[in-house]
Amino acid sequence: MKLWGGRFQKNTDKKVDDFNSSIRFDKRMYKQDIRGSIAHAKMLGKQNIIPQEDADKIVAELKNILADIEAGKVEFLIDAEDIHMNIEKILTDRIGDAGKKLHTGRSRNDQVALDIRMYLMDETEEIREMLLHTLRTLLELAKEHTETIMPGYTHLQKAQPVTFAHHLMAYFQMFKRDLERLDDCRKRTDSMPLGSGALAATTYPLDREYVAEDLGFSSVTQNSLDAVSDRDFVIELASCLSMIMMHLSRFSEELILWSSNEFSFVEMDDAFSTGSSIMPQKKNPDVAELIRGKTGRVYGHLMGLLTTMKGIPLAYNKDMQEDKEPIFDCIDTVKLCLPVFCDMIATMTVNRDNMLKGSKGGFTNATDVADYLVKKGLPFREAHAVVGRMVAQALNENKSLDEFTLDEFKEFSESIEDDIYDAISMQTCVNDRKIIGGPAKETVEKAIQAAQDYLKTAER
C-alpha cells in the first residue's frame, strides 16, 4: 500500500504508477533529501514532538541509507513515486514504527521545495567555480595578446582595429555579469521552506530557524502558500544559465567564423576538432558548433518552465513536478559546456599575422583619418564627408587609405601633412584610444589587472 493510501479502495493502475513517478529523475536529490530529513528529525526530537530516542534512531539510519545509496546498494522503486517516499519507505522498512514518525509536521510539498532549493544551491556553487575558471582562462589568454591587432566589427563589417586581448576582455565582462547574476539568484533560493506543510503550515511547535541554521540557510520563507508553490528561483536560475549559454554561443559563433579559410584568425587544436567521413581535408569546429546548438536546448527549458507555471493557482499542484527535468538538464548542459569551452580556447592557435592583415582591410582606420582632420581644425561632420570621398576613391583604385601619396591626400585637404601616415597606422589607431574601456595596450593591461583584483574578491 502507498504511504498515502489509507482512503483508497483500489491500487493505482500500473501505468499511472509509471506516469506519476518522478524517481527516475529526482533520485539525484537523494543527498539533499536525506540532509533535510536529518535536520527535521533532530528538530522534532529537540522540540519533544517525537521521543528523542526515535529521533536519534531516525538520524542514525538515514546516515546509513546515505552510505548505502552512495555504495550502490539501494534500488529505488517506481511505485514509491519519488525520492522522498523511497527514502521514507527504506527507513520504515529498516527501523519500523520510529521511521513512520519522521514525516510528522511536514508534507511532501514543503519537503520537495526544500530539496530543490538545496540541490540548486549546491549546483550553483559548482557552476560558479566553472565560471571563475572561465574568467581565469580568458585573462590568461588576454595577457598574451595585448599587442595582437585584429579588426573589430559592427554588422559583421570591418569597423575599427582593436586587439585580441580587448576582444577577450569583452567576454570577461559578459561572464563576470553571469557570475554576479548567479550569486544574486542564489540569494533568492537561500530561504528555507520546511514547516510550510502542504500549504497552511502546521499545529506542531516546529523550530524552523533551527532547521534553517542546521542546513545552512540564511532565512526562512515567510508565507506557507508561497513557500510550497514558488518556483521563481528555478525559473531565475534557468534564465541565468540561458545567459551563460548565450555568451558561450556568441563566442563559439565567432570562433566558427574565425577558423574558416576566409578568416583564418584561429585554428582549433586537433583534440578539439573533428573530421569528415568523406572529405579528408576537413577540420570542423564541432565543439563550438555543439555549444551553439545546446544553447537552444537551454532556452527551450526556460520557456517550458515559464509556460508550466503561468496558469497554476495557489498552492501546490502536480504540474510543478515538471520543474525538475528542465532545470536539471539546464544545469547538466552548462556544466558540460563550460569546461570544454575553456579547454578549446586555451589550446587554439591564434594567427596573429592574419589578424593584423585583416585589420588593414576594410578601411578600419577611416575614423582615425577623420579624427586627424578634426585635430587640424575641421569640424567633425566636414571631416567625415572628406574621408568618405577618400574611401570612395580608394575603392575605385583598389587600394587602402595609407597607400595614398601625400599629394593625393592633399587633394582632399591641404591640412594633411606627413604625420598622417603615423596617425593612421594600425598601432596608433589602437594605442591612441587610451580612455577607460578603450583598446590601447596600456588600458587593456589596466583592465586585466582590475579583473585579476576582482577575481581575488570573487573567489571564496
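Here are some exercises with worked solutions on the structure above, which is a predicted model.

**Exercise 1: the two sides of α9**

Work out which residues of helix α9 are buried, which are exposed, and what the buried ones pack against.

*Solution.*
- Step 1. Start with the burial values along α9, residues 208–215: Arg 208, Val 211, Ala 212 and Leu 215 come out as buried.
- Step 2. Now look down the axis. Those four cover an arc of only 100°, which puts them on the same side of α9.
- Step 3. Turn the helix over, and you find Glu 209 and Glu 213 exposed on the other side.
- Step 4. Look at what the buried residues meet: they pack against α3 (30–46) and α7 (108–143).
- Step 5. Step off the end of the helix. Just after α9 sits Gly 216, with a positive phi of about 85°.

**Exercise 2: cavities**

Find how many cavities of 30 Å³ or more the structure holds, and say which residues line the largest one.

*Solution.*
- Step 1. Searching the whole structure turns up 3 cavities of that volume or more.
- Step 2. The largest cavity encloses about 40 Å³ of space.
- Step 3. List its lining. His 40, Met 43, Gly 105, Met 192 and Leu 194 are among the residues there, as are Gly 195, Leu 206, Asp 207, Arg 208 and Val 211.
- Step 4. Sort the lining by element: α3 and α9 each supply at least two residues.
- Step 5. Link this back to Exercise 1. Arg 208 and Val 211 are buried residues of α9, and both also line the largest cavity.

**Exercise 3: the cores**

Identify the residues with the most contacts inside the largest nonpolar core, then trace which elements build that core.

*Solution.*
- Step 1. The largest nonpolar core contains 72 residues, and Leu 241, Leu 255, Ile 327 and Met 344 have the most contacts inside it.
- Step 2. Two or more residues each come from α7, α8 (164–189), α11 (232–258), α12 (286–309), α13 (324–347) and α20 (441–458).
- Step 3. Of these, α11 gives the largest share, 14 residues.
- Step 4. Zoom in on Ile 327. Skip its neighbours within four places in sequence, and its contacts are Ile 116, Leu 120, Val 234, Leu 237, Ala 238 and Leu 241.
- Step 5. Don't stop there: a second, separate core has 35 residues, including Ile 34, Val 59, Leu 62 and Leu 91.

**Exercise 4: cysteines**

Determine how many disulfides the structure has, and check Cys 240 and Cys 337 one at a time.

*Solution.*
- Step 1. Recall that a disulfide is a covalent bond between the sulfur atoms of two cysteines. The cut-off here is a pair of sulfur atoms within 2.5 Å.
- Step 2. Run the search over the whole structure and you get 0 disulfides.
- Step 3. Check Cys 240. Its closest cysteine sulfur belongs to Cys 185 and is 4.5 Å away, so the gap is too far for a bond. Cys 240 is buried, at 5% relative accessibility.
- Step 4. Check Cys 337. It is in no disulfide either, with the nearest cysteine sulfur, in Cys 342, 11 Å away. Cys 337 is also buried, with a relative accessible area of 2%.

**Exercise 5: backbone oddities in loops**

Locate the cis peptide bond, and place Asn 48 and Ala 201, non-glycine residues with positive phi.

*Solution.*
- Step 1. The cis bond joins Leu 314 and Ala 315, with omega about 5°. Ala 315 sits in the loop between α12 and α13.
- Step 2. Asn 48 has a phi of about 60°. You'll find Asn 48 in the loop between α3 and α4 (52–70), exposed at 68% relative accessibility.
- Step 3. Ala 201 has a phi near 60° and lies in the loop between α8 and α9. Ala 201 is partly exposed, with a relative accessible area of 39%.

**Exercise 6: sequence distance against space**

Compare separation in sequence and in space for Glu 445 with Lys 143, and for Lys 89 with Lys 100.

*Solution.*
- Step 1. Glu 445 belongs to helix α20 and is partly exposed at 36% relative accessible area.
- Step 2. Glu 445 and Lys 143 are 302 residues apart in sequence, yet 7.6 Å apart from C-alpha to C-alpha.
- Step 3. Lys 89 is in helix α5 (residues 83–95) and counts as partly exposed at 32%.
- Step 4. Lys 89 and Lys 100 are 11 residues apart in sequence, with 8.7 Å from C-alpha to C-alpha.

Key: Residues are numbered from 1 along each chain as its sequence is written. This is a predicted model: local features need pLDDT of at least 70, side-chain atom pairs count only at pLDDT 80 or more; totals for chains, interfaces and linings use all residues. Side-chain values use heavy atoms; hydrogens and water are left out. Buried means under 20% relative accessible area, exposed over 50%, partly exposed in between (1.4 Å probe, protein chains only). The arc is that of the directions from the helix axis to the C-beta atoms. Contact means heavy atoms within 4.5 Å. A nonpolar core is a set of buried Ala, Val, Leu, Ile, Met, Phe, Trp, Tyr and Cys residues joined through side-chain atoms within 4.5 Å. On a 1 Å grid over the protein atoms alone, a cavity is a set of points where a 1.4 Å probe fits but cannot get out, and a pocket is an open set with protein on both sides within 12 Å along at least five of seven lines; lining residues have an atom within 4 Å of a point. Grid points are joined across faces, edges and corners, and a volume is the space filled by probe spheres set on the points.
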